[in-house]
Amino acid sequence: MKVGDIVRYKENQFISDRVHKKFFGVIIEVSYLRYKDDRNVRVKWNTTHSSILWHEQRTLEVISESR
């Protein structure tokens, strides 16, 4: 994952189908303090509440890569 990628929450038992399909965001920052597969990313979401949040990379999936 890199800055500019469009992401959404991975579909799993903890995320509802509505959240998985409705919410998406753009990565605006990547923390390089952890191992490659376990980094944190800062995401600007398409919501009005808490629209910029940090997440573990493994909880998200890329739906469109930045070019």
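Select Lys21 to begin: with a relative accessible area of 59%, this residue counts as exposed, a class that requires over 50%, whereas buried means under 20% and partly exposed lies in between (1.4 Å probe, protein chains only). The model on display is predicted, so local features need pLDDT of at least 70 and side-chain atom pairs count only at pLDDT 80 or more, while totals for chains, interfaces and linings use all residues. Residues are numbered from 1 along each chain as its sequence is written, and side-chain values use heavy atoms, with hydrogens and water left out.

**Stop 1: the salt bridges**

Keep Lys21 selected and add Asp17. Their side chains meet in a salt bridge, 3.3 Å from N to O; the term denotes a side-chain nitrogen of Lys or Arg within 4 Å of a carboxyl oxygen of Asp or Glu. Side chains of opposite charge can pair when their charged atoms come close. Both Lys21 and Asp17 belong to helix α1, where four residues, about one turn of the helix, separate them. Helices (H or I, at least four residues) and strands (E, at least two) are DSSP runs, numbered from the N terminus. Asp17 is partly exposed, at 39% relative accessible area.

How many salt bridges does the structure hold? There are five. Another of them joins Arg58 to Glu56, with the closest N and O atoms 2.7 Å apart. Arg58 is partly exposed at 47%, and Glu56 is also partly exposed, at 26%.

**Stop 2: Asp5 and Lys2**

Next, select Asp5, in the segment before β1. Is Asp5 buried or exposed? Its relative accessibility is 2%, and therefore Asp5 counts as buried. The side chain of Asp5 nevertheless forms a salt bridge with that of Lys2, at 3.7 Å from N to O. In addition, the backbone nitrogen of Lys2 is 3.1 Å from a polar atom of the Asp5 side chain. Lys2 itself is partly exposed, with 37% relative accessibility.

Show the surroundings of Asp5, leaving aside neighbours within four places in sequence. The residues in contact with Asp5 are Gly25, Val26, Ile27, Val62, Ser64, Glu65 and Ser66, where contact means heavy atoms within 4.5 Å.

**Stop 3: the nonpolar core**

Select Val7, Tyr9, Val19, Phe23, Ile27, Val30, Val41, Val43, Trp45 and Leu60. These ten residues make up the largest nonpolar core, that is, a set of buried Ala, Val, Leu, Ile, Met, Phe, Trp, Tyr and Cys residues joined through side-chain atoms within 4.5 Å. Colour by element next: β1, β2 (25-31) and β3 each give two or more residues to this core. The largest share, three residues, comes from β3.

Centre the view on Trp45. Not counting residues up to four places away in sequence, Trp45 touches Val7, Arg8, Tyr9, Phe23, Phe24, Gly25, Ser51, Leu53, His55 and Leu60.

**Stop 4: Ser51 and Lys44**

From Trp45, move to Ser51, in the loop between β3 (40-45) and β4. Ser51 is buried, with a relative accessible area of 18%. Beyond its neighbours within four places in sequence, Ser51 is in contact with Val43, Lys44 and Trp45. With which side chain does that of Ser51 make a polar contact? The partner is Lys44, at 3.3 Å. A polar contact is a pair of N or O atoms within 3.5 Å; within protein, one must be able to donate a hydrogen and the other to accept it, and residues adjacent in sequence count only if both atoms are side-chain atoms.

Lys44 is located in strand β3 and is partly exposed, at 36%. With residues up to four places away in sequence not counted, Lys44 touches Phe24, Gly25, Val26, Ile28, Ser51 and Ile52. For a distance check, pick the C-alpha atoms of Lys44 and Glu29: they are 15 residues apart along the chain and separated by 9.5 Å.

**Stop 5: the surface patch**

Finally, select Val26, Ile28 and Ile52 and display the surface. Together they form a nonpolar patch with about 210 Å² of accessible area. Patches are made of residues with over 30% relative accessible area and no salt bridge, like charges being joined within 9 Å and nonpolar side chains (Val, Leu, Ile, Met, Phe, Trp, Tyr) within 5 Å. Accessible areas come from the Shrake-Rupley method with a 1.4 Å probe, and for residues only the protein chains shown count as cover. Within this patch, Ile52 lies in strand β4 (residues 52-56) and is partly exposed, at 40%.
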